[in-house]
Amino acid sequence: MIAITNRRRTLERAFFLYLPLGLALFFLVGPFYWMAVTALKTDGDIYDGAHSPLYVLHPSLDHFVYLFAKTNFVTWTLNTMAVAASGTISSLVLGVPAGYALARLRFPGVELIGTAIFVTYLVPTSLLFIPMIQVMANIGLDDSIWALVVVYPTFLVPFVTWLMASYFRTIPTELEESGRIDGLTRLGAMWHIVLPLARPGILSAGIFAFTLSWNEFIYALTLVTASSERTIPVGVIVQLSRGDFYFWGPLMAGALLGSVPVALVYYFFVDQYASGLTAGGVKG
Amino acid sequence: MLSRIVDNERTLGLLLVAPVVLLLAGLVAYPLSVAVYSALTDQTLAESGRFIGFGNFVNVWDDQIYRQSLRNTLVFTVGSVTLKLCFGLGLALLLNEAFPFRRLVRAAILLPWIVPTVLGTMAWLWMFTPNFSVINYVLAQTGISKTGLPWLTDPDLAMFSVIIVNTWRGTPFLAISVLAGLQAIPLELYDAAAIDGAGKLHRFRYVTLPLVMPVLLTTLVLSTIWTFSDFGIVYGLTKGGPMNATHVLATLSYGTALSAGNTGEGAAISLTMLPILLPLIIWQLRRVRRSVVA
Amino acid sequence: METKNSALTRRRLIASAAAVPLLATPAIAQNSLKGTKLTVLVGQFYVPETNAMLDQLAVDVARDTGMEIRIERLAGDELGTKTAAVVGSGRGADLSIGVEFDTLLYAPKLADVTDLAEEIGKNYGGWMQVAKDACMVGGRWKSLCLGQAPAAWNYRVDQFAAAGINAFPDTFDELLKAAKLLHAKNTPIGMTLGHASGDGRSTNYPVLWAFGGKEFEADGKTVALDSPQTLAAVEWYAEVYKYFIPGTTAWLDPDNNQAFLGGKCSATVNVNTIYLAARAASGTNPAMKNIAENMNHGLWPRGPAGRFASYNINTWLPFASSQNRPGQMAFLRAWFDKSFLVKWTKTGQSYFIPTFEGMDSLDVWPEDPKLKIFKDLNKLNRLEGFAGPPSPAAAEAVSKYILVDMFAKACTGQLKPAEAVKWAAREYEQIVKKRAG
């Protein structure tokens with residue numbers, strides 16, 4: 001009896017969990033295999049039609065060495081990390097409380113303010129970047145990476161505010177109300193009851209904000225001129241196209257180095273969801 | 001005394017949103033109004049131009065390329081967002097289960113979202129590229145299609161290809177957001193539903209879905225906005241070709257404003273996205289606040 | 001030895017320049033450049049040594065003048081975006097490298113360099129017409145032409161011979177016949193029909209012109225596209241497309257290089273980077289050696305109206321917003337000084353060729369026999385917008401890929417040739433109409 005149930009369970013899991021999960025992984029992560037294969041090939045082998053392109057015949061680290069030795073890749077990485085980290089922290093500090101207010105509190109003009117915050121998000125960067133250069137020049141930040149530190153929150157904050165507003169809505173108001181009955185102020189209830197429960201939301205909003213700044217292209221290209229102050233996406237594209245050629249090897253090496261380390265960092269965060277919730281008495 | 005004032009709902013609300021409003025008013029208000037105003041002028045990159053009212057909007061509406069781009073943008077957005085919703089929601093439910101290496105898998109599926117768009121798009125270009133496509137190599141080797149498929153060459157398939165790349169890139173965001181929402185659902189609710197004899201589907205429909213709905217809707221709205229104004233994927237893969245089959249408003253606006261230098265008209269093209277997106281946002285805000293008002 | 005000499009000449013030149021009153025500004029002593037700053041945006045030239053020479057020039061000028069010079073290199077389309085940002089905001093750079101229509105589009109934001117242009121032109125036997133077209137607005141020089149990158153037919157001599165073709169076709173009929181023969185041998189030719197910002201132009205406008213088609217009348221305002229000549233060009237294209245390598249409607253700028261170097265394509269239109277890449281890799285890569293040895297360059301065929309070509313042009317854009325006009329002038333003088341430019345051009349292997357009438361007599365031409373043809377190609381260029389002068393309308397048509405798409409629509413059968421011409425003519429009318437209104 002038990003054996004049959006177990007087998008049925010295994011089959012069920014194989015069919016409804018592992019198969020779709022496998023397919024999803026293939027679609028989402030498969031291209032990274034191709035990036036790795038390309039990055040590890042020699043230039044000659046990349047176009048070699050005589051062998052299967054799916055594996056590496058003569059593995060070589062040349063393209064990675066090229067990135068480190070011939071470009072400012074290390075500097076670009078440090079720049080990108082600094083800008084993304086500062087953008088994430090400031091947008092969380094500003095956006096989380098604002099999201100709480102939008103989701104939970106009644107005050108005059110709330111709807112107008114909420115809409116206005118989001119409208120700024122609707123106008124594409126390609127329209128804003130030229131006047132933004134002038135704004136940065138007026139506050140003395142043109143042609144400096146500090147401009148990005150200041151500008152990135154302008155698109156991260158609306159994003160975090162809105163995402164957090166919706167997370168706060170998933171948390172039952174009863175918990176907060178019982179805290180208020182126990183004598184907590186509104187701010188105290190937010191801090192001691194709501195924020196711990198919203199931890200998965202805050203973590204994912206942080207992860208997304210970090211990644212949005214990590215990827216940003218137009219401001220990073222136009223607000224900064226010096227090659228020593230570039231970020232990874234701009235640096236790699238701007239330095240690795242020459243004439244009318246694709247430099248697949250270094251490009252793919254840059255794509256890998258520009259993503260896998262961040263994924264490793266996220267590795268330590270993604271399961272914080274569960275632990276954060278267990279601490280709050282709810283299991284994930 | 002101070003704490004009493006701060007405890008007032010109105011004061012606290014205003015206090016909490018004030019920094020955000022100040023930041024946006026200080027930095028974005030000016031560029032935003034410059035951009036909106038320029039849509040009403042025949043401004044170029046080099047000349048400030050004169051006020052022409054809705055002239056740009058009339059002109060672009062007359063242009064077959066604009067109409068085609070608008071149509072493409074809608075197809076691209078609806079197609080990508082639908083796929084992202086299905087994949088993202090499904091993936092979130094899967095990732096919420098317990099299985100070995102779950103943490104690793106959760107981090108790995110974020111990769112397409114992490115890799116800089118320009119570089120991720122280059123990887124897909126390299127997979128789709130005519131004459132050297134690795135996908136076509138696999139199709140030929142497995143005997144599925146001897147000649148492979150014209151991924152970026154055929155107008156319809158090219159649209160499909162850019163949708164696939166956008167879906168690849170955006171699914172992790174949806175999946176992880178919804179996963180974070182799922183984690184907040186108290187297990188007691190499921191237990192209660194189980195006691196009531198609800199099946200899996202029933203529990204999904206009546207417990208899971210309503211509770212993740214706010215998160216799901218917000219991520220959908222965000223995803224829709226990004227997709228609607230997505231520039232990098234189309235620009236990287238096709239530059240709007242072949243024959244404008246994948247031209248979207250973002251790429252058309254960019255070409256008009258920066259390659260041809262008609263910044264006024266380029267701004268007008270971008271702003272025609274607003275009437276489509278604005279109602280979506282207002283509706284969304286009302287939903288998020290419904291519990292407060294009720 | 002040589003470097004020392006050229007440094008000397010340059011120092012002399014700059015010293016003498018300082019004695020003469022500089023353009024828009026009153027007399028500036030050389031010393032006054034000391035402590036000033038100059039930011040120069042440049043692209044990546046294909047031949048690596050030419051980038052290094054530019055960097056060295058900046059070092060030399062900085063040393064001679066005491067001016068601090070920053071060379072910021074941005075490849076590809078990003079240079080265009082960054083330049084547009086400087087034009088729009090007046091911030092970020094003093095000089096930049098632009099493309100053919102940039103001078104026209106950005107003229108109000110560019111400094112007048114007429115005196116310097118005339119002085120430089122004299123040294124080289126005068127500027128070519130195409131340089132004047134690209135750099136003069138309203139009779140004044142608003143930029144200085146850096147050079148043009150001639151596009152040639154790149155073809156595989158061995159594959160042509162195997163198909164029974166012993167010389168590169170000289171007429172469009174012959175080219176069509178060759179395409180058929182090569183297709184039958186499974187070594188097809190191909191030209192881009194996709195939205196490729198460089199190759200899209202260089203491979204499509206010459207066909208239109210050779211058949212006698214034109215976008216505008218000489219007034220530059222009357223659309224003249226819908227003509228029997230244009231139709232003939234489109235019909236020829238639709239026919240030859242049947243024998244193309246698959247995929248050309250999706251080709252961006254690098255795709256033809258990739259197809260040719262990958263041995264998939266027997267002929268295409270491109271600058272000489274395909275050959276230079278194959279030649280450079282010959283030592284280590286037998287496949288590249290084979291291609292370099294078996295390929296050559298050919299002229300565009302002659303059509304009923306003649307032989308034409310369309311190239312990428314680069315110009316030095318001096319921003320009017322610059323706080324350092326004398327610095328701009330000093331740098332440009334040094335660039336166009338013969339001691340630098342001749343050597344730079346020769347090192348560049350005819351990838352970029354300055355646009356002066358007197359180029360033929362200078363020692364700038366590469367020794368490699370397969371690159372000889374670029375001397376002739378250098379004279380064929382014509383700017384888009386023909387038969388009118390360069391105009392914002394022509395620039396907009398380029399940015400919308402209207403001509404490319406006209407051919408592509410007819411080739412793929414999306415529209416019949418006559419309908420494709422009508423479609424394109426309507427787009428042109430639209431562009432002109434909105435400017436008139």
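Two residues are in contact if their C-beta atoms, placed from the backbone, lie within 7 Å. With that in hand, here's a quick tour of this predicted model, starting where chains C and B meet. By that yardstick, the contact takes 36 residues from chain C and 29 residues from chain B. After that come the contact of chains B and A, those two chains one by one, the nonpolar core, and a few spots in chain C.

**Where chain C meets chain B**

- Six helices of chain C each put at least two residues into the side that touches chain B: H3 (77-89), H4 (102-106), H11 (253-261), H17 (392-399), H18 (402-411) and H19 (417-436).
- H3(C) gives the largest share of that side, with five residues.
- Sorted by class, the side of chain C that touches chain B comes out at 15 nonpolar, twelve polar and nine charged residues.

**Where chain B meets chain A**

- Here the contact draws on 91 residues of chain B and 95 residues of chain A.
- On the chain B side, helix H2 (residues 9-27) of chain B brings the largest share, 13 residues.
- The class split for the side of chain B that touches chain A is 69 nonpolar, 15 polar and seven charged residues.

**Chain A as a whole**

- Chain A has 15 helices and zero strands.
- Its radius of gyration is 24 Å, well over the 19 Å that the globule rule gives for 284 residues, so chain A is more spread out than a compact globule.
- Along the principal axes, the C-alpha trace of chain A spans about 75 × 75 × 25 Å.
- Some 53% of the 284 residues of chain A count as buried.
- Take the contacts in chain A between residues at least 6 apart in sequence, and 76% of them join residues at least 24 apart.

**Chain B as a whole**

- Chain B has 16 helices and zero strands.
- Its C-alpha atoms fill a box of roughly 70 × 65 × 30 Å along the principal axes.
- Of the 294 residues in chain B, 57% are buried.
- For contacts in chain B between residues at least 6 apart in sequence, 70% join residues at least 24 apart.
- One residue to look at is Gly90(B), which sits in helix H5 (residues 64-95) of chain B.
- Gly90(B) has 17 other C-beta atoms within 10 Å; 20 or more would make a residue buried and 12 or fewer exposed, so Gly90(B) lands at partly exposed.
- The C-alpha atoms of Gly90(B) and Leu174(B) are 10.0 Å apart, although 84 residues separate the two along the chain.

**The nonpolar core and helix H13 of chain A**

- The largest nonpolar core runs to 336 residues.
- The residues with the most contacts inside this core are Phe159(A), Val160(A), Leu251(A), Val178(B), Tyr237(C), Phe331(C) and Phe407(C).
- Helix H7 (residues 146-170) of chain A supplies the largest share of this core, 16 residues.
- Setting aside neighbours within four places in sequence, Leu251(A) touches Val236(A), Leu240(A) and Tyr246(A), plus Leu119(B) and Met122(B).
- Helix H13 (residues 248-257) of chain A is mostly covered, with ten of its ten residues buried.
- Among the buried residues of H13(A) are Trp248(A), Pro250(A), Leu251(A) and Met252(A).

**Parallel strands in chain C**

- Strand S1 (residues 37-42) of chain C is mostly covered, with five of its six residues buried.
- S1(C) runs parallel to strand S2 (residues 68-73) of chain C, and six bridges join the two.
- Within that pairing, Arg73(C) of S2(C) stands opposite Val42(C).
- To get from S1(C) to S2(C), the chain passes through helix H2 (residues 48-65) of chain C in a right-handed β-α-β crossover.
- S1(C) also runs parallel to strand S3 (residues 95-98) of chain C, joined by two bridges.
- There, Leu95(C) in S3(C) is the bridge partner of Val40(C).

**Helix H11 of chain C**

- All nine of the nine residues of H11(C) are buried, so this helix is largely enclosed by the rest of the structure.
- The buried set includes Asp253(C), Asp255(C), Asn256(C), Asn257(C) and Gln258(C), along with Phe260(C) and Leu261(C).
- Those buried residues pack against strands S7 (152-156) and S8 (267-270) and helices H9 (199-210), H12 (273-281) and H13 (286-294) of chain C.
- After H11(C) comes Gly263(C), with a positive phi near 75°.

Notes. Residues are numbered from 1 along each chain as its sequence is written. Chains are lettered from A and ligands numbered from 1 in the order in which they are written. This is a predicted model: local features need pLDDT of at least 70, side-chain atom pairs count only at pLDDT 80 or more; totals for chains, interfaces and linings use all residues. Helices (H or I, at least four residues) and strands (E, at least two) are DSSP runs, numbered from the N terminus. Two strands pair if DSSP finds at least two bridges between them. A crossover is right-handed if, with the strands pointing away from the viewer, the path from the first strand over the helix to the second runs clockwise. Ala, Val, Leu, Ile, Met, Phe, Trp, Tyr, Cys and Pro count as nonpolar, Asp, Glu, Lys and Arg as charged, and the others, Gly among them, as polar. The radius of gyration is taken over C-alpha atoms; the globule rule is 2.2 Å times the number of residues to the power 0.38. A nonpolar core is a set of buried Ala, Val, Leu, Ile, Met, Phe, Trp, Tyr and Cys residues joined through C-beta atoms within 7 Å.
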